[in-house]
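Subject: Two-chain model, handover and findings

Hello,

The structure is pasted below for your use. My notes on the interface, the helices, the ring pairs and the salt bridges follow it.

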Amino acid sequence: MAYSTKVIEHYENPRNVGTLDKEDENVGTGLVGAPACGDVMRLQLKINPETEVVEDAKFKTFGCGSAIASSSLVTEWVKGKTITEAMKLSNTQIVEELNLPPVKIHCSVLAEDAIKSAIEDFKRKKAARADAAK
Amino acid sequence: MDPFSTLGLSLRFDLDVAELERRYRDLQRALHPDKHTQASPSERRATLSKAVEVNEAYRVLRDDLSRASALLAAHGVNVVSESKADPELLMEVMELREALAEARATKNDAAVATLAARVKALEDATRRAMIEGFAANDFKKAALSWTRMRYLRRFVDEVNAIAEEKENAAARGV
């Protein structure tokens, strides 16, 4: 199976690889895995607590080229978006952009799940702070 | 047909490897085309497709992971859809993979070996848990062990890739 040029491009030059401080109250961390293939993906978002705009995004993925490309792509996409906009991101957009074949669709699902769980983590932290302030 | 039935073995995870090999060889011999030269074309086709099925069953049963998922499937458990990994496992796996990537990047062979040994111990423990799960017909436990084993296998694949890379570099005289 051949990878599309876009997948190869992201795979060879992945954007936003790295880590953010997961203890930072404005950083949401999403950690997801694909049991079918054993891939793991960690995606982190730094979110402005006032505007809820994603200011930074980093990822680390141990997996195939498509999983790396999917996570690289979504970190580019979500930067500058509000978390409400980012939550609307769907894996089909990733599939279309990267031209993923059917056997690699689960990689795009993984990236979508990672974004969502990072946002949920941020929201959880924010809610916990609000509770503590009461 | 499930691979166990194809090879005439009982449905169990910790099967007798010698028995598996013997069944496979016997069936392969019996199904060999040379033994069916007098058969009709449709019989020969049936024999051939049976031989393909036997090969596939053997391939599945030889490996812990694929044997376990076949066994779970035979009990109606779809291992992939029913194994939502728990965050703790993912965190552990992520940590191991990061440490391995670091050791690889810094060419720290000792660190790679230490990590590989640690994962080998984890794999052994997971295999024991899987045997226990199947023995007690606790398929939930078996499925959890399967997921764990799947992630650990990917780590082992990576260790093997590092070793291969080293060998290739040595062969090139680097």
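Chain A and chain B bury about 1,300 Å² between them, and carbon and sulfur atoms give 64% of that area. Leu31(A), Pro35(A) and Phe62(A) supply 46% of what chain A buries against chain B, more than any other three residues. Please keep in mind that this is a predicted model. In terms of contacts, 16 residues of chain A meet 15 residues of chain B.

The polar side of the interface comes to 3 salt bridges between the two chains, and 7 residue pairs are in polar contact across it, both partners at pLDDT 80 or more. On chain A, the elements that give two or more residues to the side touching chain B are β1 (27-34), β2 (39-47) and β3 (54-62). The largest share, 4 residues, comes from β1(A). Sorted by class, that side of chain A has 9 nonpolar, 4 polar and 3 charged residues. One salt bridge to look at joins the side chains of Lys60(A) and Glu98(B), with 3.5 Å from N to O.

Within chain A, two places are worth a look. The side chains of Lys46(A) and Asp24(A) form a salt bridge at 2.9 Å, N to O. Lys46(A) sits in strand β2 of chain A and Asp24(A) in the loop between α1 (5-12) and β1 of chain A, so the pair ties together parts that are 22 residues apart in sequence. Lys46(A) is partly exposed, at 26% relative accessible area. The other place is Asn91(A), in helix α4 (residues 91-98) of chain A. Asn91(A) has a relative accessibility of 14% and therefore counts as buried. Apart from its neighbours within four places in sequence, Asn91(A) is in contact with Ile105(A), Ser108(A), Val109(A) and Glu112(A).

In chain B, I would start with helix α4 (residues 64-74), where the buried residues are Asp64(B), Leu65(B), Arg67(B), Ala68(B), Ala70(B), Leu71(B) and Leu72(B). They pack against α1 (3-6), α3 (41-62), α6 (109-135) and α7 (139-171) of chain B. At the start of α4(B), a side-chain oxygen of Asp63(B) comes to within 3.2 Å of the backbone nitrogen of Leu65(B). After α4(B) comes Gly76(B), with a positive phi near 80°.

Asp63(B) also takes part in a salt bridge, its side chain meeting that of Arg153(B) at 3.1 Å, N to O. Asp63(B) lies in the loop between α3 and α4 of chain B and Arg153(B) in helix α7 of chain B, so this pair ties together parts that are 90 residues apart in sequence. Both partners are partly exposed: Asp63(B) at 25% relative accessibility and Arg153(B) at 21%. Two of the buried residues of α4(B), Asp64(B) and Arg67(B), belong to a network of salt bridges with Lys120(B), Asp124(B) and Arg127(B).

Helix α2 of chain B has a salt bridge of its own, between Glu19(B) and Arg23(B), with the closest N and O atoms 3.0 Å apart. These two residues are 4 residues apart in that helix, so about one helical turn separates them. Arg23(B) is partly exposed, with a relative accessible area of 30%. Over all chains, the structure holds 30 salt bridges.

The count of aromatic pairs over all chains is 3. The rings of Tyr24(B) and Tyr58(B) have centres 3.7 Å apart and planes at 0°, so this pair is stacked. Tyr24(B) is in helix α2 (residues 17-30) of chain B and Tyr58(B) in helix α3 of chain B, so the pair ties together parts that are 34 residues apart in sequence. Tyr24(B) is buried at 13% relative accessible area, and Tyr58(B) is buried at 10%. Ring pairs also link Phe13(B), Phe134(B) and Phe139(B) into a cluster.

Finally, some backbone angles to check. Most residues other than glycine have a negative phi. Lys107(B) has a positive phi of about 55° although it is not a glycine, and Asn137(B) likewise has a positive phi of about 55°. Lys107(B) lies in the loop between α5 (87-105) and α6 of chain B and is exposed, at 69% relative accessible area. Asn137(B) lies in the loop between α6 and α7 of chain B and counts as exposed at 54%.

Regards

Key. Residues numbered from 1 in each chain as written. Chains lettered and ligands numbered in written order. Predicted model: local features only at pLDDT ≥ 70, side-chain atom pairs only at ≥ 80, totals over all residues. Heavy atoms only, no water. Buried < 20%, exposed > 50% of the residue type's maximum accessible area, 1.4 Å probe, protein only. Contact = heavy atoms within 4.5 Å. Polar contact = N/O pair within 3.5 Å; in protein donor to acceptor, adjacent residues only side chain to side chain. Buried area = accessible area lost by both parts, 1.4 Å probe. Salt bridge = Lys/Arg side-chain N within 4 Å of Asp/Glu carboxyl O. Nonpolar A, V, L, I, M, F, W, Y, C, P; charged D, E, K, R; others polar. Phe/Tyr/Trp six-rings, centres within 6.5 Å; stacked < 30°, edge-to-face > 60°.
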